Amino acid sequence: MIPIFIYQELIGPYGAEALRKFGETEKYYQIYEHGADFEVDNSGDYTPAVLPSKQIKKNIRREAQFMFGKPPEIRVICPEEPKSENGKPNEAAMQAYLNAVLKDNRWPDKLIKGARDCLIGARVSLKVNIAEDKLRIVFVPADGFVYETALDDIDTIERVAFFYTLQDDEDRDRQRIWVQKYWMEQGCCKVSERITDGYGETISGYDAKVNTDTCLDRIPAYVIVNDGLSGDTDGISEIEDLKKDDSWYGRLKSGNIDTLRGGMNQITWMSGVKPECSKSFARKPGAVWDIQADPAQAPGDSNAPTVQVETLSNDFAYSEAFHNTLANLKRDMHDLTGVPDLDLDSTKSIITSGKGLKALYWPLICRCEEKMNAWRPALEWLAETILYAAEVYPSLRKVYGDFTPAPHDITIDNQYPLPEDEDAERELDLSEVGNKARSIKSYLIKWGGPDRKGMSPEEADAEIDQMARERQILEDTFAGGLTGGA
């Protein structure tokens, strides 16, 4: 649970509500990893099967994969910079600096993992650790921070506290918790950082920061909220909507296993057999039973009871109803997340064409576009913060690439992993080259490399020179052939 002293880090109505839901986050991660819990029937003479469903994990992973499997393209545009023979050099330098920071931070991997945390925990914090010699981008799950917004503006963070347990122990004196708090004070961002015990007392021997000026005019953190309504600072976990269906899915699967396990073998019944000897009968292939008659079961005055051993087979007539119920539960979970169920027979004929594939993924595309309304401002904020950090600490330009700070715009372009989108975009760009509306160089930079990954400007220039030489050779050969024929 959240340490008691963390409650004292925040005040205000939004902070209290965020702390109220904090305890639910651990439960959401438990369900994501192990499936939703369900009740089992323990009244039988066997140990019931407990096989939780993993449908929630599958859906959340597929949703995050589709949304950020190909990370959005973050571009810097300097509208006021005039074009020259070399394009816009400073704009290109700013883009190179931004790309270098993202590459150094393994941005694609962090982005998709941060998206999963947001879908599970209902919110996630995007944080930039700024130093004179490096920038570090971090996604903090919902159970690692609390924050407070302005009373009249939930889009403005007034303070945020990050924390995680370094050493857990039943004795609070031996607990070690790292705590970092940012807040705004007279237009300046301040930070405090310390290591405490379980009572919130600062541990000596650690270089703590107390009311330190960060030299920033903003808190280097952004909170992304998943779904929710107007004014919601907590968000809604995908697991909250899926857990009941997932619980019944796992319960039915486990019950079906118990039914098969208990009924797949025939029921054996006996008559006229001594109870003592029947206890030694083995239920295995090739077993030999020493059947002894029980005189007590002989009819009338006879001493020879009739011995009978027969079996009863089970007819599993519920199979169709069972599969229909599972299919309905699974369909509900897929509908809630918009993830198409590619295992359905009805979808196999659709995915034979690119347009059919896009139609199949259309609900998921719409859902991801909805979520991008929250993620796009966060990615724009990230790019602006990375560029702003180089103004505060010019030494960062020596690490990631030099540029001159200038007025600029940030654009975010989604890149969903649908083949049709890429092929259509490539054909459109190629037609623009043919219509003189796009340069060959820009086309090569975007599409000309191996596996259509694009080229660097230098590689594009070299490719254009090679194309020009080959064209000249063909023209000379053609002209020589005409001369020789004459």
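Helices and strands here are DSSP runs, numbered from the N terminus. The model is a predicted one.

## Two sheets

Strands of a sheet pair through backbone hydrogen bonds, either parallel or antiparallel.

One open sheet holds 5 strands in the order E4-E5-E6-E7-E8, and its pairing is antiparallel. Strand E4 (145-150) and strand E8 (209-213) stand at the edges with a single partner strand each, so one side of each has no neighbour in the sheet. From one strand to the next, the twist averages 15 degrees.

Inside this sheet, strand E6 (residues 176-185) runs antiparallel to strand E7 (residues 188-196), and 9 bridges join them. Ile177 has its bridge partner in E7: Thr196.

Strand E8 also carries a backbone feature. Most residues other than glycine have a negative phi. Asn211 is not a glycine, yet its phi is positive, about 50 degrees. Asn211 lies in strand E8. Lys436 is another non-glycine residue with a positive phi, about 65 degrees. Lys436 sits in the loop between helix H12 (419-434) and helix H13 (440-447).

Another open sheet has 3 strands in the order E3-E2-E9, paired antiparallel. E3 and strand E9 (221-225) are its edge strands, and each pairs on one side only. Here the twist averages 20 degrees from one strand to the next. Strand E2 (residues 123-130) pairs with E9 over 5 bridges in the antiparallel sense. Val124 finds its bridge partner in E9, at Ile224. Helix H10 packs on this sheet and touches E2, E3 and E9. The direction of H10 makes about 10 degrees with that of E2.

## Helix against helix

Three helix pairs are set out below, with their angles and axis distances.

| Helix pair | Angle | Axes |
|---|---|---|
| H2 (residues 55-68) and H7 (residues 319-337) | about 30 degrees | 10 Å apart |
| H2 and H10 (residues 362-392) | roughly 70 degrees | within 10 Å |
| H4 and H10 | roughly 140 degrees | within 13 Å |

Take H2 and H7. They pack at an angle of about 30 degrees. That makes H2 roughly parallel to H7. The crossing of H2 past H7 is right-handed. H2 brings Gln55, Asn59, Arg62 and Glu63 to the contact, while H7 brings Lys330, Met333, His334 and Thr337. By class, the contact of H2 with H7 has 1 nonpolar, 4 polar and 3 charged residues.

Next, H2 and H10. Their axes cross at roughly 70 degrees. H2 is therefore roughly perpendicular to H10. On the H2 side, the residues in contact are Glu63, Phe66, Met67 and Phe68. On the H10 side, they are Leu364, Ile365, Arg367, Cys368, Lys371, Met372 and Trp375. This contact of H2 with H10 divides into 8 nonpolar, no polar and 3 charged residues. Glu63 of H2 appears in the contact with H7 and also in the contact with H10.

How does H4 lie relative to H10: parallel, perpendicular or oblique? The axes cross at roughly 140 degrees. That makes H4 oblique to H10. H4 passes H10 in a right-handed crossing. Trp107, Leu111, Gly114, Ala115, Cys118 and Leu119 of H4 meet Lys371, Trp375, Leu379 and Leu382 of H10. The contact of H4 with H10 has 8 nonpolar, 1 polar and 1 charged residues by class. Lys371 and Trp375 of H10 meet H4, and both residues also meet H2.

## Aromatic pairs

A pair of aromatic rings is described by the distance of the centres and the angle of the planes. The count of aromatic pairs comes to 13. One of them joins Trp107 and Phe139, with the centres 5.9 Å apart and 20 degrees between the planes. Planes under 30 degrees apart count as stacked, so this pair is stacked. Trp107 belongs to helix H4 (residues 107-121), and Phe139 to strand E3 (residues 135-141). The pair links distant parts of the chain, 32 residues apart.

Trp107 thus has two roles in this account: a ring stacked on Phe139, and a place in the contact of H4 with H10. E3, which holds Phe139, is also among the strands that H10 touches.

How values were computed:
Residues numbered from 1 in each chain as written. Predicted model: local features only at pLDDT ≥ 70, side-chain atom pairs only at ≥ 80, totals over all residues. Heavy atoms only, no water. Pairing = 2+ DSSP bridges. Helix = DSSP H or I, 4+ residues; strand = E, 2+ residues; numbered from the N terminus. Axes fitted to C-alpha atoms, helices over the stretch in contact; angles between N-to-C directions. Parallel < 35°, antiparallel > 145°, perpendicular 65-115°, else oblique. Left-handed = near helix turned anticlockwise from the far one by under 90°. Contact = heavy atoms within 4.5 Å. Nonpolar A, V, L, I, M, F, W, Y, C, P; charged D, E, K, R; others polar. Phe/Tyr/Trp six-rings, centres within 6.5 Å; stacked < 30°, edge-to-face > 60°.
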